[in-house]
Amino acid sequence: VSDPLAYLPRPTGAGLTTFAAVNVTAGPTTIGPGIYPSISVSGNGKVKMQAGTYVIKGGGISASGNGRVEDDANGDGQGVFIFNACADFPATTGACGAISVSGNGRIELEKETSGAYAGVSIWQPCENTQTLSVTGGGADASGSAGSGDGDDDEDGELETSGTIYIPCAAVSVTGHG
């Protein structure tokens, strides 16, 4: 079976600002498009991502405890695209980080509806073979409540209106997934 997204142009990082790692444990923090070593949110922290392209360079993304990572889109088509690269980006070498959601953590993303990555929320290239994992509270990449109780504020989940493109790594969903 051929890769249906093989046509996607690999991000180069051109025009993106490089920022320090994001580590939020309490309260809200808003970040803009760019290149980040990692994004980690835990406790009661919240990271709100402005619309655009984000390259995660080697450290991955994690949401744990009651932490949330979400976009600030309001159904306007100005969503978020995340490229989960390895540490030597734009080269394809170096340590690579995973995307993980645990406990009651949540990642909620709206896809972009125009541009090169329209319809794709997360792309983890083949050099990054780290497993995408969702444990504890549950998971949902299709938009339904993770544990089925209808209370989205208490279920850990990964929810996106776009494609999660991870062609060369495993996906692990445990607990209420």
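Asp71 touches Lys48, Met49, Val80, Glu108, Leu109 and Glu110, leaving out residues up to four places away in sequence. This is a predicted model, and here Asp71 sits in strand E6, which covers residues 68–71. The chain around Asp71 has 14 strands and zero helices. Two disulfides are present in the structure.

**Asp71 and its surroundings**

- Asp71 is buried but has no salt bridge.
- What is the nearest side chain of opposite charge to Asp71, and how far away is it? It's Lys48, at 6.8 Å. A salt bridge needs a side-chain nitrogen of Lys or Arg within 4 Å of a carboxyl oxygen of Asp or Glu.
- Lys48 still shows up among the residues that Asp71 touches.
- The Asp71 side chain does reach a backbone atom: the nitrogen of Glu110, at 2.2 Å.
- Glu110 is also on the contact list of Asp71, along with Glu108 and Leu109.
- Val80, another residue touched by Asp71, takes us to strand E7, where Val80 is one of the buried residues.

**Strand E7, the covered one**

- How many of the six residues of E7 are buried? Six of six, so you can call this strand mostly covered.
- Side chains in a regular strand alternate between the two faces of the sheet.
- In E7, Val80, Ile82 and Asn84 point one way, while Phe81, Phe83 and Ala85 point the other way. Both sets are buried.
- E7 runs parallel to strand E4 (residues 52–57), and six bridges join the two. Within that pairing, Thr53 has Phe81 of E7 as its bridge partner.
- E7 also pairs with E10, again in the parallel sense, over two bridges. Here Phe83 is matched with Trp123 in E10.

**Disulfide Cys86–Cys96**

- A disulfide is a covalent bond between the sulfur atoms of two cysteines.
- The sulfur atoms of Cys86 and Cys96 are 1.7 Å apart in the model.
- Is this disulfide right-handed or left-handed? The torsion about its S-S bond is about 85°, so the link between Cys86 and Cys96 is right-handed.
- Cys86 and Cys96 both lie in the loop between E7 (80–85) and E8 (99–101), 10 residues apart.
- Cys86 is buried, with 1% relative accessible area. Cys96 has 18%, and since buried means under 20%, Cys96 counts as buried as well.

**The loop between E7 and E8**

- Thr93 is found in this loop too. Its relative accessibility is 46%, so Thr93 counts as partly exposed.
- Setting aside neighbours within four places in sequence, Thr93 is in contact with Cys86, Ala87 and Asp88. With Asp88, there's a side-chain to side-chain polar contact of 2.8 Å.
- Thr93 and Asn128 are 35 residues apart along the chain, and their C-alpha atoms are separated by 8.9 Å.
- Pro90 belongs to the loop between E7 and E8. The peptide bond joining Phe89 and Pro90 is cis, with omega at about 15°.
- For context, most peptide bonds are trans.

**Disulfide Cys126–Cys168**

- Cys126 and Cys168 form a disulfide with their sulfur atoms 1.8 Å apart. The S-S torsion is 50°, and this link is right-handed.
- Cys126 lies in the loop between strand E10 (120–123) and strand E11 (132–134). Cys168 lies in the loop between strand E13 (163–165) and strand E14 (171–173). The pair therefore ties together parts that are 42 residues apart in sequence.
- Are these two cysteines buried, partly exposed or exposed? Cys126 has a relative accessible area of 39% and is partly exposed. Cys168, at 37%, also counts as partly exposed.
- If you number the bonded cysteines in sequence order, the pairing reads 1-2, 3-4.

**The chain overall**

- The protein chain has 177 residues, and 44% of them count as buried.
- Take the contacts with a separation of 6 or more: residues 24 or more positions apart account for 60% of them.

Technical notes. Residues numbered from 1 in each chain as written. Predicted model: local features only at pLDDT ≥ 70, side-chain atom pairs only at ≥ 80, totals over all residues. Heavy atoms only, no water. Disulfide = S-S within 2.5 Å. Helix = DSSP H or I, 4+ residues; strand = E, 2+ residues; numbered from the N terminus. Buried < 20%, exposed > 50% of the residue type's maximum accessible area, 1.4 Å probe, protein only. Lys, Arg positive; Asp, Glu negative; His and termini not counted. Polar contact = N/O pair within 3.5 Å; in protein donor to acceptor, adjacent residues only side chain to side chain. Contact = heavy atoms within 4.5 Å. Pairing = 2+ DSSP bridges.
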